[in-house]
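Visitor: I am new to this structure and would love a close look at one part of it. Could you take me to the largest cavity and tell me what lines it?

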Amino acid sequence: MTRRVRLVVVAEDRQTEMFLRRVLYGLGFTGRDLTFRTAPKGMQAADRWVLQMHGAEAKKLRANAHAQPNTGMVTCIDADHHAVADRHAQLDAAMDAAREPEERMAWLVPKQNIETWLRVLGGAEADEVTDYKRRGHEPMPCDGEAAAFLKANPEQQALLPSLRMARGEVERVRP
Amino acid sequence: MLKRLRVDNFRSLVGTTLEPGGLSLLIGDNGSGKTSLFEVLDLLRRALVEGTKLGDLFLASTLTRWRTTTAQRFDLCVEVGGDVFDYHLVVEHVPDQGKVRVGEELLAIAGRPLFHAEHGKARLFRDDHTEASPLLMDWARSGIAGIEPNADNTKLIRFREAIGRILLARIAPATMLGRADGEAAHPLPDFSNFPAWYRHLSQEQPERMRDLFDDLAKVVPGFVRLRLVAFPDNVRDLRAEIDTGKACDYRFLELSDGQRSLVALYTMLHCATRPGALLLLDEPDNFVALAELQPWLVAFADRLRTVHCQAIVISHHPECIDYLAGSEILRAKRATDGATVVAPWLFDASKALTPSEAIARGWIDD
């Protein structure tokens, strides 16, 4: 019997967490396999919080990798005005030593932010330059968007390079 | 949806305002007034929906100790089906007569009345706000509680029904009885009447039981189902069927405190989260295993959004605080005059701490 894989999921806001949760359910994870570390609401520097939490969780994961081999983590941080590659470099730096290819760590960096992906995955048009974030709104379930993400529609991926990169990233944690 | 509650002259609540969101975490030191806010909402439900005498709800001991006024004021702003209702109740204590009565009770939409009572005289208004026939009123009780539904007062009734969907949960598994001698449409705050509530739910919402049992099977090894065994005199004994190799019936009282809490929490998640409900959870984390907390919170938060209901959670537990901080944190504290003040708490990320760590250290900016 395959052992359960347990993940820590670091997310920038509740909307991102809800999207990731559905994506991970789609990959076969259950609620009991996932531990969420979601940034507190209303923070001015949620990306900073994510980087701090990402670094702390990555170090715990590595320190326990021998005893708890079926563990991993997913970190999602908005690119905002940064390049996706810059965010990856920040995530590497936050955990002191860069991510190794075999480490069960997936980094999802929507550009500009998760709302960009949700628009495209919901069938609307979007680009990576415009900021679509609707501040102050209640997060919504996004089952359809998560399902579309996992279907990996080539047209959507061509539209958003950050989405294409993320689709490859989640394969790193597939149980 | 509750938009605002204002309370004056109830314990430490003096001009205290609560403005919750869809899912709010209410934090604060012991004695800061958090539970009093919940109790006020439950007392208003009992006054407005159950028609309980005000004297049985608003005891003299609930008057703010350092004030001399004997009038307690409660204001609710509630949105129901697109209408925003303003409700105002003044509870007058008359110590020399040993009476507690309605000083004033007003329900209105945008300033236009649906009900108004003052000094024992009540006026009922139709949905179009024209005045209906005069009412006789027992001013020891809420006048709204006794109004019979008819075609002209649908708005008032909708408001009252919304108040009826307030549910206070301060689960105390040790008090949860194993038998039900009837049905209860509403659980008591400590869930001591859980079997009677479950008996009601199994009749009213049988379609929810499959999902409830599926979830309980994930947290109680071998759990199959809850069932009620008939005894004479209309008594039912609540049993949990558990199969760990051999199916056995366990009396509800034989479950551990933690298991009984989980049964109550998942029952609430599946059966009490109705559209427009307001769930008040006072330390739901008590007795529950650490690994079970976040899965329940995640499922609960998802369910709230799916069915469009509202919840406020009081917690001192790090797991609860850190997860619910992703929604909204309200902080209750005592001002220099002793009165409770509730305000949003915006967490400062620069401290490199989780919210619960900041609270534990007392590193909370004033």
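Guide: Here is a walk around that cavity, with a little about the chain it belongs to and one helix pair elsewhere. Please keep in mind that this is a predicted model.

Let us start with the chain. Chain B has nine helices and 17 strands. Its C-alpha atoms fill a box of roughly 65 × 60 × 40 Å along the principal axes. The radius of gyration of chain B is 22 Å, which agrees with the value near 21 Å for a compact globule of 366 residues.

Now to the empty space. Rolling a probe the size of a water molecule over the atoms shows where such space is left. Searching the whole structure turns up three cavities of 30 Å³ or more, and the largest cavity holds about 80 Å³ of space. Around that cavity you will find Met1(B), Leu2(B), Leu41(B), Leu76(B), Val78(B), Ala162(B), Ile163(B), Ile166(B), Gly276(B), Leu278(B) and Gln310(B). Two elements of chain B, strand 4 (71–80) and helix 3 (154–164), each give at least two residues to this lining. By type, the lining has nine nonpolar residues, two polar and no charged.

For a last stop, turn to chain A. There, helix 4 (residues 114–121) packs against helix 5 (residues 143–151) at an angle of about 85 degrees, with the axes 9 Å apart. That angle makes helix 4 of chain A roughly perpendicular to helix 5 of chain A. Helix 4 of chain A brings Trp117(A), Leu118(A) and Leu121(A) to the contact, while helix 5 of chain A brings Glu145(A), Ala148(A) and Phe149(A). Five residues of this contact are nonpolar, none is polar and one is charged.

Conventions. Residues numbered from 1 in each chain as written. Chains lettered and ligands numbered in written order. Predicted model: local features only at pLDDT ≥ 70, side-chain atom pairs only at ≥ 80, totals over all residues. Heavy atoms only, no water. 1 Å grid on protein atoms, 1.4 Å probe; cavity = no way out; pocket = protein on both sides within 12 Å on 5 of 7 lines; lining within 4 Å. Points joined across faces, edges and corners; volume = space filled by probe spheres on them. Helix = DSSP H or I, 4+ residues; strand = E, 2+ residues; numbered from the N terminus. Nonpolar A, V, L, I, M, F, W, Y, C, P; charged D, E, K, R; others polar. Axes fitted to C-alpha atoms, helices over the stretch in contact; angles between N-to-C directions. Parallel < 35°, antiparallel > 145°, perpendicular 65-115°, else oblique. Contact = heavy atoms within 4.5 Å. Rg over C-alpha atoms; globule rule 2.2 N^0.38 Å.
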